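Visitor: I am new here and would like to know how the words used for a structure are justified. Could you show it to me, and then I will ask?

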Amino acid sequence: MMIQENISLKSFTTFGIDKKAKFFTRISTLTELKSALIAAKEKQLPVLILGGGSNILLTQDVEGLVIKLEIKGIQVVKEDKNHLWIEVGAGEVWHELVMHCIAQSWAGLENLSLIPGTVGASPMQNIGAYGVEIKDLFDSLQAMHRETLEMHYFDAEACQFGYRESVFKQSLKDQFVITSVRFRLSKTPKFHLEYGAIREVLQANGVQHPSLRDVSEAVIQIRQSKLPDPKEIGNAGSFFKNPTIPTTQFDTLKASYPSIPGYPSAEGVKVAAGWLIEQAGWKGKRVGEVGVHAKQALVLVNYGGGTGEEIKKLSEQIQASVFAKFGIQLQAEVNFI
Ligand code: FAD
Ligand code: EPU
C-alpha cells in the first residue's frame, strides 16, 4: 500500500471539482484496507472512503486520508433451481457488473444499467432506477468497522433500506467500510417494464419479446437522452431526492398546478423534484461555471471551472425558491464533503 500526498481529486469525482487530498491511497485487499485504517488512526487523520466519486460534492480540501476502494472479484457462491447468489468486491464498477450479469443471463440488475459508481457504494443509498432498487436483489454485505477493524455481516433488515437511504447514511454513518456485497439473481427474467418510457422505447426499437440486453439497452437509451455524461459535463446525477408530501398538501397544490406529477406512496405522495425545480424557473439556468441541466432540472452541473461552494450555493438558492413557491423543502441526495 502506497500513501501519496497532496493529490488533486479533480478526476476522482464526477463533478470534476479541483480539491485536494492531503493523503491518498488505493487499496485492493482487506489487508491493505486494515493497514490504511491503522495508518490513519496513528496519525489521527479523518478518513474519506471513495468509490467512483459519483455521489460526492467536494466543497473543501480533504485534510485527511482518502481511501479509494479497488477490491475486485465476482464469484457465484450459491445456486438453486431458480436463483444464484453472487458475491462482488466493493471496488467493482457497477455498470460493468450489470453488463457481466447480462452476458451470463443472470437476471435482476438490467434496469440499473449505466448507473455510475462502484458496487460498494450501491447499498449506501440503495441505488435505484426504473422501478428497481438494489434492496430487491440484495442478500447481504460484509463491512469492516473503521475503529475496531473487525468484519461485520449485514443482512437486508440490518441495512434498513429506504428510498435513497440505508443505515450507513444514518445511525452508522462513517463507521463502516463496505468490502463486498452479495446479490440474489434469477435464472429466469422477471421484467419490470412499467416504469417511465421503457415499453415505448422497446416498441420503437422493434422489440416484441425483450431479452435482458434489450431492456438494458432501452434503459441506457432513456438515460442518455436526459442525463449528462460526467466525462463531458460534471454532475452527480439527481442532486436532490424526490420529496414525499402529505396527500392534503398535494391535493391543494394540484388545484393550483393541475400538471404536478405525483405518485402515491405509503407516507403520502411522492412529487417529482425535477418538475418543482423547472416550475421555479431554474431549468437550463447557468450561473458562471455551474448550472441546472437543460434536459433534466434535478441535475446540477459543473461546466468545467466551477467550485463545490458555487454548486452548494446554487443548490441552496434552488431549495429556497422551491420552498417559497410550493412550501416543499428539497433534501440533497448528494453527499457534501
Ligand atoms: P462515491 O460517490 O464514491 O461515494 C458515495 C458515498 O458513499 C460517500 O459518502 C462515500 O464515502 C461512501 N462510500 C463509497 N464507497 C463506500 C464503501 N465501499 N463503504 C463505505 N462507504 C462508501 N444513483 C441512483 O441511485 N440512481 C441513478 O439512476 C443514478 N444515476 C446517476 C447518474 C449520473 C450521471 C451520476 C453521475 C450519478 C447517478 N447516481 C444515481 C448517483 C451515484 O451513481 C450512486 O449514488 C452511486 O452508488 C455512487 O457510487 P460511487 O462509488 O461513485 O460512490
Ligand atoms: N420532470 C420535469 N422536469 C424536469 C425533470 C423531470 O417536469 O426537468 C418531471 C417529469 O414529469 C418526469 C418526472 O419528473 O416525468 C420524473 O423524471 P425522470 O423520469 O427523469 O426521473 P426523476 O424522478 O427525475 C429518478 C431518480 C433517478 C433515476 C430516475 C429513473 C431520484 C432522486 N432520481 O429521477 O436517479 O435514474 O428516476 O428511475 O429518485 C439519481 O439518484 O442520481 C438518479 C439519477
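Guide: Gladly! This is a predicted model, where local features need pLDDT of at least 70, side-chain atom pairs count only at pLDDT 80 or more, and totals for chains, interfaces and linings use all residues. Residues are numbered from 1 along each chain as its sequence is written, chains are lettered from A and ligands numbered from 1 in the order in which they are written, and side-chain values use heavy atoms, with hydrogens and water left out.

Visitor: Why is C159 not bonded to the cysteine sulfur closest to it?

Guide: A disulfide is a covalent bond between the sulfur atoms of two cysteines. The rule here asks for a pair of cysteine sulfur atoms within 2.5 Å. The closest cysteine sulfur to that of C159 belongs to C101 and is 19 Å away, so the two are too far apart for a bond. By this rule, the count of disulfides is zero.

Visitor: What makes C159 buried or exposed?

Guide: Buried means under 20% relative accessible area, exposed over 50%, and partly exposed in between, using a 1.4 Å probe and protein chains only. C159 has a relative accessible area of 0%, so C159 is buried. C101, at 1%, therefore counts as buried too.

Visitor: And why is H293 called buried?

Guide: H293 has a relative accessible area of 11%, so the word buried applies. H293 sits in the loop between β18 (290-292) and β19 (299-302); strands are DSSP runs of E, at least two residues long, numbered from the N terminus. Beyond its neighbours within four places in sequence, H293 is in contact (heavy atoms within 4.5 Å) with residues including K226, L227 and P228.

Visitor: How do you know that H293 has a polar partner in K226?

Guide: A polar contact is a pair of N or O atoms within 3.5 Å; within protein, one must be able to donate a hydrogen and the other to accept it, and residues adjacent in sequence count only if both atoms are side-chain atoms. A polar side-chain atom of H293 lies 3.1 Å from the backbone oxygen of K226.

Visitor: Which backbone atoms lie by an oxygen atom of ligand 1?

Guide: A backbone N or O atom of G52 is 2.7 Å from an oxygen atom of ligand 1. For a polar backbone atom of N55 the distance is 2.8 Å, and for a backbone N or O atom of P116 it is 2.9 Å.

Key
Helix = DSSP H or I, 4+ residues; strand = E, 2+ residues; numbered from the N terminus.
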